[in-house]
Amino acid sequence: MANMNEFQLQSVYDFTTHAPSVLGDFKKVKVVAFGDWNIAQTYIDVAAMHANVYGTLPAGTINDYKSYSYIIIVLQNGERTALGLPWIDSASIQLFERNTIYATIEDVGPDDVDKIKRVLSSNGYGNVTLRID
């Protein structure tokens, strides 16, 4: 079970949940707030979501969504949602660091730029700038 100490506001993370078939997995999501179930209710039907998720949580997890802490996140598409911390697999939490990769690809032509962009985009790299020198 995750705890708030594993997340920093305004940071970006990848993580999985204990109920991926219900909640999905989360890639490059930004943590924008912490709150209780009342705050989370602004974004999701907390009681219904908890009912769908509880059976997948680790043994011993308290069955009281009102006692959980929640994170409010911004997804890659800009949508905001909330997740109960017990729903998150703490072992999967990875801080997404913003770095830049510089690569040199030799022996290419103008047609290769679009091909390379498509390959990168299909693997989740959408913020790409390519140029031929």
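Which residue stands opposite Ile71 in β4? In this predicted model, in which residues are numbered from 1 along each chain as its sequence is written, local features need pLDDT of at least 70, side-chain atom pairs count only at pLDDT 80 or more, and totals for chains, interfaces and linings use all residues. Side-chain values use heavy atoms, with hydrogens and water left out.

The residue opposite Ile71 is Leu83. Strand β3 (residues 70-74) and β4 pair in the antiparallel sense over 5 bridges, where strands are DSSP runs of E with at least two residues and helices are runs of H or I with at least four, both numbered from the N terminus, and where two strands pair if DSSP finds at least two bridges between them. The hairpin of β3 and β4 has 5 residues between the strands, and Gly78 takes a positive phi near 95° there. Of the 5 residues of β4 (residues 80-84), 4 are buried, so this strand is largely enclosed by the rest of the structure; buried means under 20% relative accessible area, exposed over 50%, and partly exposed in between, with a 1.4 Å probe and protein chains only.

These two strands belong to an open sheet of 5 strands, ordered β4-β3-β2-β1-β5 with antiparallel pairing. Its edge strands are β4 and β5 (94-95), each of which pairs on one side only. Further into the order, β2 and β3 run antiparallel and are joined by 5 bridges, with Ile72 in β3 as the bridge partner of Ala33.

Most residues other than glycine have a negative phi. Two residues that are not glycine have a positive value here: Gln10 and Lys28.

| Residue | Location | Phi | Relative accessible area |
|---|---|---|---|
| Gln10 | segment before β1 (12-15) | about 70° | 48%, partly exposed |
| Lys28 | strand β2 (residues 26-35) | about 50° | 25%, partly exposed |

Thr17, in the loop between β1 and α1 (20-23), counts as buried at 6% relative accessibility. Its side chain takes part in polar contacts, defined as pairs of N or O atoms within 3.5 Å in which, within protein, one atom must be able to donate a hydrogen and the other to accept it, residues adjacent in sequence counting only if both atoms are side-chain atoms. The side chain of Thr17 reaches the backbone nitrogen of Ala19 at 3.3 Å, and a polar atom of that side chain lies 3.0 Å from the backbone oxygen of Gly24. Leaving aside neighbours within four places in sequence, Thr17 is in contact (heavy atoms within 4.5 Å) with residues including Phe26, Trp87, Ile88 and Asp89.
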